[in-house]
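Good morning, colleagues. Please have the sequence and the model open as I speak.

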Amino acid sequence: MELRSMIRNIFGKITGGQDGLTRAKLLNGWSNDYVPFDGEAYDNATGRNCIDTIARHAGKLHPRHIVRKNGNIVKNADSKLQYLISTRPNWLMTASEFIEKIVAQYYCYNNLFVYIQRDMNGNVEALWPLNFNNLELFEDKQGNLYCRFTFGTGEQATVPYEEMIHIRRHFNRDDVFGDPEGNILREDINLLKAVKTAVINAVKNFHKLRGIIQWTGTVRPEDQESMWRKFVDSFAGPSNGSGIGSLDNRGKFQQLTTDTQTFESGQMKFARDNLYKYFGVSEEIVSGKFKEEEYQAFYESVIAPIAIKLLQEFTEKIFTPKERGFGNEIVFEGNRLAYMSTTSKVKIAEAMIPAGAIKRNEIRELFGYAGLPGKEGEGIVVSLNYIKAKDQSLYQTGKDDDDSKGGEGDEKED
């Protein structure tokens, strides 16, 4: 596929406008335009670190196509759709890159748009995260909603809203879109920039010599400038590494001392913490020096809500009502156990093995070992030290302790 024809290859015949569409009127009026704006968060080092940290950890989620009945998973669907969502959502991205990209967009713009590309039979061919300059909402005579995207090249594509996976953050004031963060983030980012600028200026001015040269006699202006330049070059020139300058007896140098004010480390931490709190991360999570409890808290407060939103929206938009009625779902699972300490992993294994609630391969994966091939690895591990209460007599004596079957009182006497 050629990049120059990428828009047409993705959207096909639906590029451009569509006849019979009118501007959609929402509950809050005709304000139905959306322009992505991240408040410069992604152009700031701290903001990008926060977004990238969340995206990388979310990229570890495992998408699965399952079938659920009566609340229980009855099978894992082995289909083309499963390969698409778990390995290659489109020809440009791996599954982990796809998830990282959509999560980054979700946190940058508080809106995430993924176009579902289908074939003639309605089967999903690819999933495309969309970067665009502008979005307008339209509707047809039946009230169906459409999205008209304008891309950086100026080309447009109008697609039904039902073919768009759309996830929102800070979904409050607008009827369709998540609230932009321009003003809120700009304050924190400007504060962090001011702190960094003050530190940089302090470092630059630390080795500067400030003062005045007092001439002992009458010196012509052009000579003053020449002598001043020689003095500056002798003190701070590239050939002088000693930091010592020279001046003849026609001039005296009087140093001016000033106290350079800068921000303390606590103020820098305050500025960074504002962004950390906004994105729901901590310095330990961003630096990768987190403890087990810290990661569990991060997963539950940040990653798990994203996974739930992805589950609900992917399931709703990818499957038809009939398919959903048969229990088809797209779930995003995360292996939180991988970040536990060995002691915690042992405790989990000890708790699940007696109940027969874990497979051999799951135990091996828990401790970082490769799975066993075939049915051996899929076997349930269980301890015979634990049985059902009603079976304990049969297990211990080999006899069923049931009074209804008679006992010594029913035996015939000799």
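I shall speak about the hairpin, the salt bridges, the nonpolar cores and one helix.

Please bear in mind throughout that this is a predicted model.

I begin with strands β3 and β4. Strand β3 covers residues 62–69, and strand β4 covers residues 72–76. The two pair in the antiparallel sense, over four bridges. Within this pairing, I66 has N76 of β4 as its bridge partner. Two residues separate the strands, which together form a hairpin. In the turn, N70 has a positive phi of about 55°.

Let us stay with β3, where H65 lies. Is H65 buried or exposed? Its relative accessibility is 8%, so H65 counts as buried. The contacts of H65, leaving aside residues up to four places away in sequence, include N76, A77, L81, I85 and F319. H65 also touches N328, E329 and I330. With N328 there is, in addition, a polar contact between the two side chains, at 2.8 Å.

R64 is also in β3, and this residue brings me to the salt bridges. How many salt bridges does a search of the whole structure find? The search finds nine. As a general point, side chains of opposite charge can pair when their charged atoms come close.

The side chain of R64 forms one such bridge with that of E333, at 2.5 Å from N to O. This pair links distant parts of the chain, since E333 belongs to strand β13, residues 328–333, and the two partners are 269 residues apart. E333 is partly exposed, with 31% relative accessibility.

A second example is the salt bridge between K269 and D273, whose closest N and O atoms are 2.9 Å apart. Why are these two separated by about one helical turn? Because they are four residues apart in helix α7, residues 265–279. K269 is partly exposed at 47% relative accessible area, whereas D273, at 19%, counts as buried. The cut-off for buried is under 20%.

A third salt bridge joins E316 and R324, with 3.6 Å between the closest N and O atoms. E316 is partly exposed at 40% relative accessibility, and R324 is partly exposed at 25%. Finally, R23, D33 and E136 are linked in a network of salt bridges.

I turn now to the nonpolar interior. The largest nonpolar core has 53 residues, and those touching the most other members are I54, V103, Y107, L127, F279 and F314. Which helix supplies the largest share of this core? That is helix α9, residues 292–318, with eleven residues. I54 may serve as an illustration: among its contacts beyond four places in sequence are V103, Y107, F279, F298, V302 and I306. Apart from this core lies another, of 23 residues, including F113, Y115, F132 and F151.

My last element is helix α11, residues 342–352, in which S344, K345, I348 and A349 are buried. These four cover an arc of only 135° around the axis, and therefore lie on the same side of α11. Helices α9 and α12 are among the elements that cover them. The face turned away from the buried side carries the exposed residues T342, T343, K347, E350 and A351.

Thank you for your attention.

Conventions:
Residues are numbered from 1 along each chain as its sequence is written. This is a predicted model: local features need pLDDT of at least 70, side-chain atom pairs count only at pLDDT 80 or more; totals for chains, interfaces and linings use all residues. Side-chain values use heavy atoms; hydrogens and water are left out. A salt bridge is a side-chain nitrogen of Lys or Arg within 4 Å of a carboxyl oxygen of Asp or Glu. Buried means under 20% relative accessible area, exposed over 50%, partly exposed in between (1.4 Å probe, protein chains only). A nonpolar core is a set of buried Ala, Val, Leu, Ile, Met, Phe, Trp, Tyr and Cys residues joined through side-chain atoms within 4.5 Å. Contact means heavy atoms within 4.5 Å. The arc is that of the directions from the helix axis to the C-beta atoms. Two strands pair if DSSP finds at least two bridges between them. A polar contact is a pair of N or O atoms within 3.5 Å; within protein, one must be able to donate a hydrogen and the other to accept it, and residues adjacent in sequence count only if both atoms are side-chain atoms.
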